[in-house]
Amino acid sequence: ADAGAQLVAITPETQKFNRRLKSESGADFPVLSDLDNGYALDLDLAIKIDDAKRKGMIAAGWDIANYNDSDSWILPIPATFVVGQDGRVVGRFVDPDYRKRMDVDDLLKVLAE
């Protein structure tokens, strides 16, 4: 906010779960629903989960169909985009490993430019 930026999160989960996420995390930014991963698919940032992985995820308690209200088993690839006021992407970080995210210092550097 100090740099004049606004954070927005986009998930494939329904608004019910996004509201819970906002409430439990105390997030003070919008959390939008990308139902059926339409936006992620448009950006070529989505993957189809195969049957073997799907069975493993369900066995581990991660039945995403319930959260996404969809049986498609498509997940977005985690990505961070910094979009300038002119609508152009001025920074980005994309990594299929959901545990890796854009470093905050890198994000702040892009905002300062």
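Leu-32 lies in strand S2, which spans residues 31-33. In this predicted model, the residue is partly exposed, because its relative accessible area of 41% falls between the limits of under 20% for buried and over 50% for exposed. Leu-32 also belongs to a nonpolar surface patch of about 760 Å², whose other members are Val-8, Ile-10, Tyr-39, Leu-43, Phe-81, Val-83, Val-89 and Val-94. At least two residues of this patch come from strand S5 (79-83), and at least two from strand S6 (89-94).

Gln-6 is placed in the segment before strand S1 (9-11). With a relative accessibility of 64%, Gln-6 is exposed. Although 76 residues separate Gln-6 from Val-82 in sequence, their C-alpha atoms are 9.7 Å apart in space.

The interior contains a largest nonpolar core of five residues: Ile-49, Met-57, Ile-64, Ala-65 and Trp-73. When residues up to four places away in sequence are not counted, Ala-65 touches Ser-70, Asp-71 and Trp-73. Trp-73 is thus named both as a member of the core and as a contact of Ala-65.

Two salt bridges are present in the structure, as listed below.

| Salt bridge | Closest N to O distance |
|---|---|
| Arg-54 with Asp-51 | 3.5 Å |
| Asp-97 with Arg-99 | 2.9 Å |

Arg-54 and Asp-51 both belong to helix H3 (residues 51-59); because they are three residues apart there, about one helical turn separates them. In the other pair, Arg-99 counts as exposed, since its relative accessibility is 63% and the exposed class begins over 50%.

Terms used:
Residues numbered from 1 in each chain as written. Predicted model: local features only at pLDDT ≥ 70, side-chain atom pairs only at ≥ 80, totals over all residues. Heavy atoms only, no water. Patch = residues over 30% accessible without salt bridge, like charges linked within 9 Å, V, L, I, M, F, W, Y side chains within 5 Å. Areas by Shrake-Rupley, 256 points an atom, 1.4 Å probe, with all protein chains shown as cover. Salt bridge = Lys/Arg side-chain N within 4 Å of Asp/Glu carboxyl O. Helix = DSSP H or I, 4+ residues; strand = E, 2+ residues; numbered from the N terminus. Buried < 20%, exposed > 50% of the residue type's maximum accessible area, 1.4 Å probe, protein only. Core = buried A, V, L, I, M, F, W, Y, C linked by side-chain atoms within 4.5 Å. Contact = heavy atoms within 4.5 Å.
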